[in-house]
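Here are my notes for your read-through. Please keep the model open beside them.

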Amino acid sequence: MNDTGAVLNRSMKIKRMLLFVMLLVIAIVYLLPVFFVILTAFKTDAEISLQNFAWLPASLDVSSFVNAWKMADWIRAFSNSAITTFCVVVISVLINTIAGYSFARMRFKGSNVLFIILLMGMMIPSQAIAIPQFIIIKNLHLYNTLAAIVVCFLSAPMGVFLSKTFYTTFPKELDESAKIDGCTRFGAYVRIYLPMSKTLFATMVILKGVQVWNDFFYPLIMTSSERLKTVQLALQLFKGSTTTHYNWLMAATLFTSLPLVVLYFCAQKYFVAGIQTTGMKN
């Protein structure tokens, strides 16, 4: 019996070790490009060239960050991206959660068919509908405004899908109790479901925020003014026709990614939390 237990214990240790090694390899694969960007930002142009290429910089040269900051109007670019991201996140989270709640807790004729049609929007790339969107934006006289970018991002089937999946896990007794207490459908949503949706909100804020902040496509085709450049459009200034300062570009990439890193660390507590910590399951 003791021998069997020792064998099982040894087998468990081997499995844990193999799992640790596998996760370590995956982490290295994902983090290696990040380390490469950080190291390149501290290199000089000579250290980046093919003749004098080195993996590690000779010294921590911060001049790349100074030069990168002087290359563009980053205050305006950050402001444009922040305004666009904030508006899209707030409006889309509000619309998607209400729509997901309706699909999950309300049964009406054709709801399943309507939900399937909605999910079909996830299969259509944004580039495929860019021309109709551009025509609509022009007819609404929103072209070359930040509102044009916001409007293009409001269609989000993924957010509705996540919301419906989340609210479906709540027991039906909650709706019955709310009805007995005199709550309307919207009242139950505001008073019962919203306070228990921190996990859902954090997930949608991070996913939508990253999508809007990192997007290059819609700001490019919906705006033409220099004063409306977002951070992703500002990064294009570092790609010269003859020479590209990759250390400046990597430095700019780092400080444009900083807001997303801060956002994730602020919301990770709720992002990784399970439904059991904020709601109820059947």
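1. Contact here means heavy atoms within 4.5 Å. Helices are DSSP runs of H or I, at least four residues long, numbered from the N terminus. The model is predicted: local features need pLDDT of at least 70, side-chain atom pairs count only at pLDDT 80 or more, and totals for chains, interfaces and linings use all residues. Residues are numbered from 1 along each chain as its sequence is written, and side-chain values use heavy atoms, without hydrogens and water.

2. Which residues of helix 5 meet helix 8? They are F115, L118 and L119, and their partners in helix 8 are P157, V160, F161 and K164. By class, this contact has 6 nonpolar, no polar and 1 charged residues.

3. Helix 5 covers residues 111-120 and helix 8 covers residues 157-168. Their axes lie 8 Å apart, at an angle of about 135°. The two helices are therefore oblique to each other (not under 35 degrees, over 145, or 65 to 115).

4. N80 sits in helix 4, residues 74-105. Is N80 buried or exposed? N80 is buried, at 7% relative accessible area (buried is under 20%, exposed over 50%, partly exposed in between). Beyond neighbours within four places in sequence, N80 contacts L146, R227, L228, K229 and T230.

5. The structure has 0 disulfides (a disulfide needs two cysteine sulfur atoms within 2.5 Å). Why is C87 unbonded? The closest cysteine sulfur, in C152, is 14 Å from that of C87, so it is too far for a bond. C87 is partly exposed at 28% relative accessibility, while C152 is buried at 5%.

How values were computed: Axes are lines fitted to C-alpha atoms, for helices over the stretch in contact, and angles run from 0 to 180 degrees between N-to-C directions. Ala, Val, Leu, Ile, Met, Phe, Trp, Tyr, Cys and Pro count as nonpolar, Asp, Glu, Lys and Arg as charged, and the others, Gly among them, as polar. Buried means under 20% relative accessible area, exposed over 50%, partly exposed in between (1.4 Å probe, protein chains only).
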